[in-house]
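Here are some exercises on how the pieces of one chain pack together. Try each task before you read its solution.

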Amino acid sequence: MTTTFVLQHYSHKRLFYAPSYHCFGKHGKSYKLKNLCLRTREFLLFHLLSCQILEITPDKPAVKVHDLSKSFKIEKSRDSKQPSRVDSVKQVSFVANQGEVFGLLGPNASGKTTLLRCLATLIAPDSGSFEIFGVDGVKHPDIVRRLFGYVGQEESFDKVLTGREHLKLFADLYHLSGSELRHNIEAVIQILNLEEFIDRLTGTYSGGIKRRLDLAIALLSRPPLLILDEPSVGLDVTSRSIIWNVLKGYRENGGSVVLTSHYLEEVDILADQVLIIEKGRVIAQGRPRDLKESLGGDRVTIRIKEFTPLDESKAALDILLKSEWVHGGNINLSLGNAIELVVSSGDMVANGIQKILRERGFQVFSYTQSKPSLGDVYLAATGRTLLEADMVGRDSRDPKRMKKERMTI
Ligand SMILES: Nc1ncnc2c1ncn2[C@@H]1O[C@H](COP(=O)(O)OP(=O)(O)OP(=O)(O)O)[C@@H](O)[C@H]1O
């Protein structure tokens, strides 16, 4: 049976989330398409032409991942004792809502990039599924590709082209033309503050400008979703704050973002929801504020000396753990063997704890007390700080070793 549809365009309001459409079926059934980008029109037409009715509404999550796993085969030398496969992502599930920033936080080699590459349809998961705005990304990778802009970790510029030439090239690839092409190019140059650099060869760009151009390209087709792999890693303060502001504005206009980060601060500032991942597995998930509040109590960092010998810190910690105010603690090796405690909230605690230490012959070089941070959430979930986990991850991705091992998918 052939079904006839009429697409009615009725509003063009915003920079990135411009069009809303109503789609009327033959029997008067109405499909509302709100807050979706221009590409959605093509996407919808594709389905209508194949007489397949797809209801796309704003209540569909931007991204829904179910039980997704991906492992890689590692080719290694015969005498290597390492396993021949690495489980990069193991049974990960999450839902990223429309109009929110969803942050994937984890140390080196925890599987963040692999997960994003699956969502960006660059690699296929071994098992599990994911949907982007309700469209199955495993079954319809060609369709979901039209719904997001992706910024990977690798640089993808041709040194002999200018920034503007790159934008034109990608605009062509996105099939933009005429006034839409000109308008979108000027808009992304402006919001990423690229005016000064855009007509220079990209071979002369700093890391921060390259990253801004990357994001400009991802925004060019006004996608409803951005998938960003460490958008601000290693950037100068100016570029980082430009990128953060662009992402905040994009979200305010209804855009959805899934990003990975090493930076607790970045996730705390930007993310509406966070998923903490380690060794490919989800270890915590929720709104940053809820995760922090769920920990309860205050966090205290004490340094006995500027750099305290480990034995001395351990002895002081043992004493403090017997106090009624102290609910738990550990030694932070990456902070000069500082003592980190979970304590009851309140002003009395600071004086009480310092008094205990002085009575037992310890000095107090510094004392800070604060509400739990995302770093504390990470510590509570994994038993170590993100920095410590990062150092272990970095070892496992030693570039010299990686060179020796030829990796295959
Ligand atoms: N193509 C591949 N072949 C073999 N192993 C791979 C491949 N891609 C990733 N891995 C392995 O999968 C694990 C997860 O890597 P992934 O790059 O996803 O982590 P990550 O959290 O993004 O790390 P980083 O923060 O350092 O970018 C690592 O052990 C990595 O070596």
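**Exercise 1.** Which residues in H9 meet which residues in H12?

First, some ground rules. Residues are numbered from 1 along each chain as its sequence is written. This is a predicted model, where local features need pLDDT of at least 70, side-chain atom pairs count only at pLDDT 80 or more, and totals for chains, interfaces and linings use all residues.

Step 1: find the helices, which are DSSP runs of H or I with at least four residues, while strands are runs of E with at least two, numbered from the N terminus. H9 covers residues 288-295 and H12 covers residues 374-382.

Step 2: list the contacts (C-beta atoms, placed from the backbone, within 7 Å). Pro 288, Leu 291, Lys 292 and Leu 295 of H9 meet Leu 374, Asp 376, Val 377 and Ala 380 of H12.

Step 3: sort them by class (Ala, Val, Leu, Ile, Met, Phe, Trp, Tyr, Cys and Pro are nonpolar; Asp, Glu, Lys and Arg are charged; the others, Gly among them, are polar). That contact of H9 with H12 has six nonpolar, no polar and two charged residues.

Step 4: add the geometry, with axes fitted to C-alpha atoms, for helices over the stretch in contact, and angles from 0 to 180 degrees between N-to-C directions. H9 and H12 pack at about 60 degrees, with axes 9 Å apart.

**Exercise 2.** Describe how H4 packs on H6.

Step 1: H4 (residues 163-173) and H6 (residues 207-219) meet at an angle of about 25 degrees, and their axes are 10 Å apart. So H4 is roughly parallel to H6, a label for angles under 35 degrees.

Step 2: on the H4 side, the contact uses Gly 163, His 166, Leu 167 and Phe 170, and on the H6 side Leu 213, Ala 216 and Ile 217. By class, this gives five nonpolar, two polar and no charged residues.

**Exercise 3.** Work out the strand order and the edges of the four-stranded open sheet.

Step 1: the order is E15-E16-E14-E17, with antiparallel pairing (strands pair if DSSP finds at least two bridges between them).

Step 2: E15 (326-332) and E17 (366-370) are the edge strands, each with a single partner, so one side of each has no neighbour in the sheet. Direction ignored, neighbouring strands are turned by 20 degrees against each other on average.

Step 3: zoom in on E15, which six bridges join to E16 (residues 338-343). The bridge partner of Ile 331 is Ile 339 in E16.

Step 4: now add helix H10 (residues 310-321), which lies across E15 and E16 and runs at about 175 degrees to E15.

Key:
Angles under 35 degrees count as roughly parallel, over 145 as roughly antiparallel, 65 to 115 as roughly perpendicular and the rest as oblique. Two residues are in contact if their C-beta atoms, placed from the backbone, lie within 7 Å.
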